[in-house]
Amino acid sequence: VDFSTDTVMSMYKLAEYKPVLRNKVADEYTSDEDDRDENRVTNVSSLPRLAVTSLWWRVSCIALVLSGLSPKDVGAELWNLHPTVRALIRMTTSQKYRFPTADCDESQRDKVKRMEERTRETESHIVEK
């Protein structure tokens, strides 16, 4: 079976969540609150990249298997290009399922914490809209 990093990245693209934005139809409903909502997202490209969780984890499991089957090609490229897969490889090989991984230094841990905080803020901002 032929596979490459492109195969894995294509599978991750399939796991992306793309919301369907509906245009407001006057006959459906009328609400003064909806008319005043200027912050409403009207373009999907303005949203951050999201994924369907169950599909994302399936693809991540497949990525781990493929990186193990071809460690010099797929494994090395995923290690270098995909930090999350790198962390999953570290966890599965060390059998220490903790994030950030046990071999991170303090600066990497702080960076991960800041990224998680920004992600939470972005998610709450999207939910509020």
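1. Of the contacts in the protein chain that link residues at least 6 apart in sequence, 56% join residues at least 24 apart. These values come from a predicted model, and the points below should be read with that in mind.

2. The protein chain contains six helices and two strands, and from the N terminus on its elements follow the order α-β-α-β-α-α-α-α. Of its 129 residues, 21% are buried. The accessible surface of the chain amounts to about 10200 Å², and carbon and sulfur atoms account for 51% of that area.

3. Most of what follows concerns helix α3. This helix covers residues 53-69, 17 residues in total, and it reaches 24 Å from its first C-alpha to its last, which is close to the 24 Å expected at 1.5 Å a residue. Its buried residues are V59, S60, A63, L66 and S67. When α3 is viewed down its axis, these buried residues fall within an arc of 125 degrees, so they line one face of the helix. The spacing fits a general property of the fold element: an α-helix has 3.6 residues a turn, so residues three or four places apart point the same way.

4. On the face of α3 turned away from the buried side, the exposed residues are R58, V65, G68 and L69. Which elements, then, are included in what covers the buried residues of α3? Among them are α1 (5-14), α4 (71-81) and α5 (83-94).

5. The pairing of α1 with α3 can be described in some detail. The axes of these two helices come within 9 Å and cross at roughly 170 degrees; an angle over 145 degrees counts as roughly antiparallel, and α1 and α3 are therefore roughly antiparallel to each other. On the α1 side the contact is made by V8, M11, Y12 and L14, which meet L55, W56, V59, S60, I62, A63 and L66 of α3. Of these α3 residues, V59, S60, A63 and L66 are also listed as buried.

6. L64, which lies in helix α3, deserves a separate remark. Is this residue buried, partly exposed or exposed? Its relative accessibility is 21%, and because buried means under 20%, L64 counts as partly exposed. Neighbours within four places in sequence aside, L64 is in contact with V85, L88, I89 and T92. For one of these, V85, the C-alpha atom is separated from that of L64 by 7.2 Å, although the two residues are 21 apart along the chain.

Methods
Residues are numbered from 1 along each chain as its sequence is written. This is a predicted model: local features need pLDDT of at least 70, side-chain atom pairs count only at pLDDT 80 or more; totals for chains, interfaces and linings use all residues. Side-chain values use heavy atoms; hydrogens and water are left out. Helices (H or I, at least four residues) and strands (E, at least two) are DSSP runs, numbered from the N terminus. The expected span of a helix is 1.5 Å times one less than its number of residues. Buried means under 20% relative accessible area, exposed over 50%, partly exposed in between (1.4 Å probe, protein chains only). The arc is that of the directions from the helix axis to the C-beta atoms. Contact means heavy atoms within 4.5 Å. Accessible areas come from the Shrake-Rupley method with a 1.4 Å probe; for residues, only the protein chains shown count as cover. Axes are lines fitted to C-alpha atoms, for helices over the stretch in contact, and angles run from 0 to 180 degrees between N-to-C directions. Angles under 35 degrees count as roughly parallel, over 145 as roughly antiparallel, 65 to 115 as roughly perpendicular and the rest as oblique.
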